[in-house]
Amino acid sequence: MFDVDEFLAGPLTARVAAAGPTVRPAWYLWEKQAFWILTGPWARLAGLVRESPSIAVTVDVCDVGTGLVRQVLARGEAEVLPFDVPRGRRLLSRYLGQDERKWDPRFRSYLRDDPEVKGTVWVRMVPKRFVAEDLGYRV
């Protein structure tokens, strides 16, 4: 077995499946046993969750060169919550680094613009079903 919290703390991309059906890549934050996904009016995710809150999340790696194969599969009911800057900073810094001055301006704007005006929100899902598997092999 592997350390699931350590795995999910890495800057990996999740695939989020929602009603529609639609599957989208997403940056996420794994905190307090929940997936937090930053979204807003530029994407359909918040609207889909409001219509049908059941979603699935997959986070995986597959390196055929080293044999590292790990996956986390999660399902649950999601909710749309107001955006907060501290959590937004934690999410963005894990993908973009700690120095916000080096970030593309559109990412810095999430932390500076009024989320009510911009429409930035969180989709939060606490998994009801959670499977973590190490399917690795030796090359």
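Is alanine 14 buried or exposed? In this predicted model, alanine 14 is buried, because its relative accessible area is 0%, whereas burial requires only a value under 20%. The residue is found in strand S1, which spans residues 14-18. Its C-alpha atom is separated by 5.2 Å from that of alanine 26, although the two residues are 12 residues apart along the chain.

Alanine 26 also appears in the description of the largest pocket, where Pro25, Ala26, Leu38, Thr39 and Trp42 lie nearest the centre. This pocket has a volume of about 400 Å³, and its lining comprises 18 residues. Two or more lining residues come from each of strand S2 (22-26), strand S4 (34-39), helix H2 (45-51), helix H3 (85-96) and helix H4 (105-112). Strand S2 gives the most to the lining, with 4 residues. In composition, the lining divides into 14 nonpolar, 2 polar and 2 charged residues.

Charged side chains were examined next. Side chains of opposite charge can pair when their charged atoms come close. The structure holds 10 salt bridges, one of which is formed by arginine 15 and aspartate 60, with the closest N and O atoms 2.8 Å apart. Arginine 15 lies in strand S1 and aspartate 60 in strand S5 (residues 54-63), so this pair ties together parts that are 45 residues apart in sequence. Arginine 15 counts as partly exposed because its relative accessibility is 34%, a value between the limits of 20% and 50%. Aspartate 60, at 29% relative accessibility, likewise counts as partly exposed.

A further salt bridge is formed by arginine 70 and aspartate 134, whose closest N and O atoms are 3.6 Å apart. Since arginine 70 belongs to strand S6 (residues 68-82) and aspartate 134 to strand S8, the pair ties together parts that are 64 residues apart in sequence. Arginine 70 is partly exposed, with a relative accessibility of 25%, and aspartate 134 is also partly exposed, with a relative accessible area of 38%.

Strand S6 takes part in another such contact through glutamate 79. The side chains of glutamate 79 and arginine 124 meet in a salt bridge, with an N to O distance of 2.6 Å. This pair links distant parts of the chain, as arginine 124 is located in strand S7 (residues 121-125), 45 residues apart from glutamate 79. Relative accessibility is 33% for glutamate 79, which therefore counts as partly exposed; arginine 124, at 23%, counts as partly exposed as well. In addition to these pairs, Glu31, Asp84, Arg87 and Arg90 are joined into one network by salt bridges that share partners.

The surface also carries a nonpolar patch, formed by Val64, Tyr137 and Val139. Together, these three residues have about 330 Å² of accessible area. Tyrosine 137 lies in the segment after strand S8, which covers residues 129-134. Its relative accessibility is 39%, so tyrosine 137 counts as partly exposed. This value is compatible with membership of the patch, because patch residues must have over 30% relative accessible area.

Definitions and conventions:
Residues are numbered from 1 along each chain as its sequence is written. This is a predicted model: local features need pLDDT of at least 70, side-chain atom pairs count only at pLDDT 80 or more; totals for chains, interfaces and linings use all residues. Side-chain values use heavy atoms; hydrogens and water are left out. Patches are made of residues with over 30% relative accessible area and no salt bridge: like charges are joined within 9 Å, nonpolar side chains (Val, Leu, Ile, Met, Phe, Trp, Tyr) within 5 Å. Accessible areas come from the Shrake-Rupley method with a 1.4 Å probe; for residues, only the protein chains shown count as cover. A salt bridge is a side-chain nitrogen of Lys or Arg within 4 Å of a carboxyl oxygen of Asp or Glu. Buried means under 20% relative accessible area, exposed over 50%, partly exposed in between (1.4 Å probe, protein chains only). On a 1 Å grid over the protein atoms alone, a cavity is a set of points where a 1.4 Å probe fits but cannot get out, and a pocket is an open set with protein on both sides within 12 Å along at least five of seven lines; lining residues have an atom within 4 Å of a point. Grid points are joined across faces, edges and corners, and a volume is the space filled by probe spheres set on the points. Ala, Val, Leu, Ile, Met, Phe, Trp, Tyr, Cys and Pro count as nonpolar, Asp, Glu, Lys and Arg as charged, and the others, Gly among them, as polar.
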